[in-house]
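Dear colleague,

I am handing over the structure below, and after it you will find my notes on what turned up when I went through the coordinates. Please read the two side by side.

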Amino acid sequence: CLTTADQHVFFKWAVKTLAERHGFRATFMPRPFSNLSGNGCHIHCSMWAGDKNLFEGTDNISDLALQFLGGVLEKAPSFCAITNPTVNSYKRLNGASTASGYTWSPNRVSWSGNNRSHMVRVPDNDRFELRLADGAVNPYLLPATMLACGFWGIDTKADPRKCSFPTDVNMYEIPDGSPKLEGIASLPRNLLDATRALESDEHLTALLGTEFMGAFVKLQKLEW
């Protein structure tokens, strides 16, 4: 995870430097243009023990992977302030439709198979893709938070099935208030709501540390 985070930082620096040399400006701002899709930072999650992928199942991801995923889904509204840490982040998550018709970013806590209208996509039987984080996320806090929530899900045997949808269900086409959304959590509408949700989550405070949480929440409130 640390190697990936280091590479993430280097990649962003390289892109911005090369763009500047050619007279352009590169940005990883979550949604710099209101009529276009924003900048996501999707993360593909698998867990390995030596050469064995513990998330790989037969027809779907393994039971261990499902519990890990269950923890991520359960804590998503709380950790949104970490994965989506700026005011502009919520213009990507809750903004108007783009020229393509969709924002291609999640707005509810759901998962499915190979379907990009949900917060989590399971493209194969060996991993899942979290599509929540954006270009403003801290590359080191992102994997740390996913690991904390995932291991919490394994410890509590979290069940993600209540948030599952068939692969052919387009989440963008389900209106608010639909019976299909019963029990499905929505993501925070803005940075303040996200920060309050993070601050009130005792499990995440214990997992990430009281000192870190206090400092991070303070900074997020100043950002708001």
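**Aromatic pairs**

The structure, which is a predicted model, holds seven aromatic pairs. One of them joins F68 and F128, whose ring centres are 6.2 Å apart and whose planes stand at 50° to each other, so that the pair counts as tilted, given that planes under 30 degrees apart would be stacked and those over 60 edge-to-face. Because F68 lies in helix α2 and F128 in strand β6 (residues 127–130), this pair ties together parts of the chain that are 60 residues apart in sequence. F68 is buried, with a relative accessible area of 4%, and F128 is likewise buried, its relative accessible area being 0%. Both rings also belong to one aromatic cluster, formed by F55, F68, F128 and F151.

**Helix α2 against helix α5**

The next point concerns the packing of helices, and two packed helices are described by the angle between their axes and the distance between the axes. For helix α2 (residues 63–83) and helix α5 (residues 191–199), the axes come within 7 Å and cross at roughly 120°. That angle makes α2 oblique to α5, because the range for roughly perpendicular ends at 115 degrees and roughly antiparallel begins only over 145. The crossing in which α2 passes α5 is left-handed. On the α2 side the contact is made by P77, S78, F79, C80, A81 and I82, which meet A194, T195, A197 and L198 in α5. Sorted by class, the residues of this contact are eight nonpolar and two polar, with no charged residue among them.

**Helix α5 against helix α7**

Helix α5 also packs against helix α7 (residues 210–223), where the axes come within 10 Å and cross at roughly 165°. The two helices are therefore roughly antiparallel to each other, and α5 passes α7 in a left-handed crossing. From α5, the residues L191, T195, L198 and E199 meet M213, F216, V217, Q220, K221 and E223 in α7. This contact of α5 with α7 has five nonpolar, two polar and three charged residues. T195 and L198 are named in the contact of α5 with α2 and again in the contact of α5 with α7.

**Single residues to look at**

Three further positions are listed here for your inspection, each with its surroundings or its backbone.

E74 has its place in helix α2 and, at 41% relative accessibility, counts as partly exposed, since that value falls between the 20% limit for buried and the 50% limit for exposed. E74 touches W152 and K162, leaving aside residues up to four places away in sequence. The C-alpha atoms of E74 and P160 are 8.0 Å apart in space, although the two residues are 86 residues apart in sequence.

S89 is found in helix α3 (residues 89–93), and S89 is buried, with a relative accessible area of 0%. If residues up to four places away in sequence are not counted, S89 touches P30, N84 and D134.

K157 lies in the loop between α4 (141–156) and α5, and at 61% relative accessibility K157 counts as exposed. The phi angle of K157 is near 55°, which is a positive value in a residue other than glycine.

With kind regards

How values were computed:
Residues numbered from 1 in each chain as written. Predicted model: local features only at pLDDT ≥ 70, side-chain atom pairs only at ≥ 80, totals over all residues. Heavy atoms only, no water. Axes fitted to C-alpha atoms, helices over the stretch in contact; angles between N-to-C directions. Helix = DSSP H or I, 4+ residues; strand = E, 2+ residues; numbered from the N terminus. Parallel < 35°, antiparallel > 145°, perpendicular 65-115°, else oblique. Left-handed = near helix turned anticlockwise from the far one by under 90°. Contact = heavy atoms within 4.5 Å. Nonpolar A, V, L, I, M, F, W, Y, C, P; charged D, E, K, R; others polar. Phe/Tyr/Trp six-rings, centres within 6.5 Å; stacked < 30°, edge-to-face > 60°. Buried < 20%, exposed > 50% of the residue type's maximum accessible area, 1.4 Å probe, protein only.
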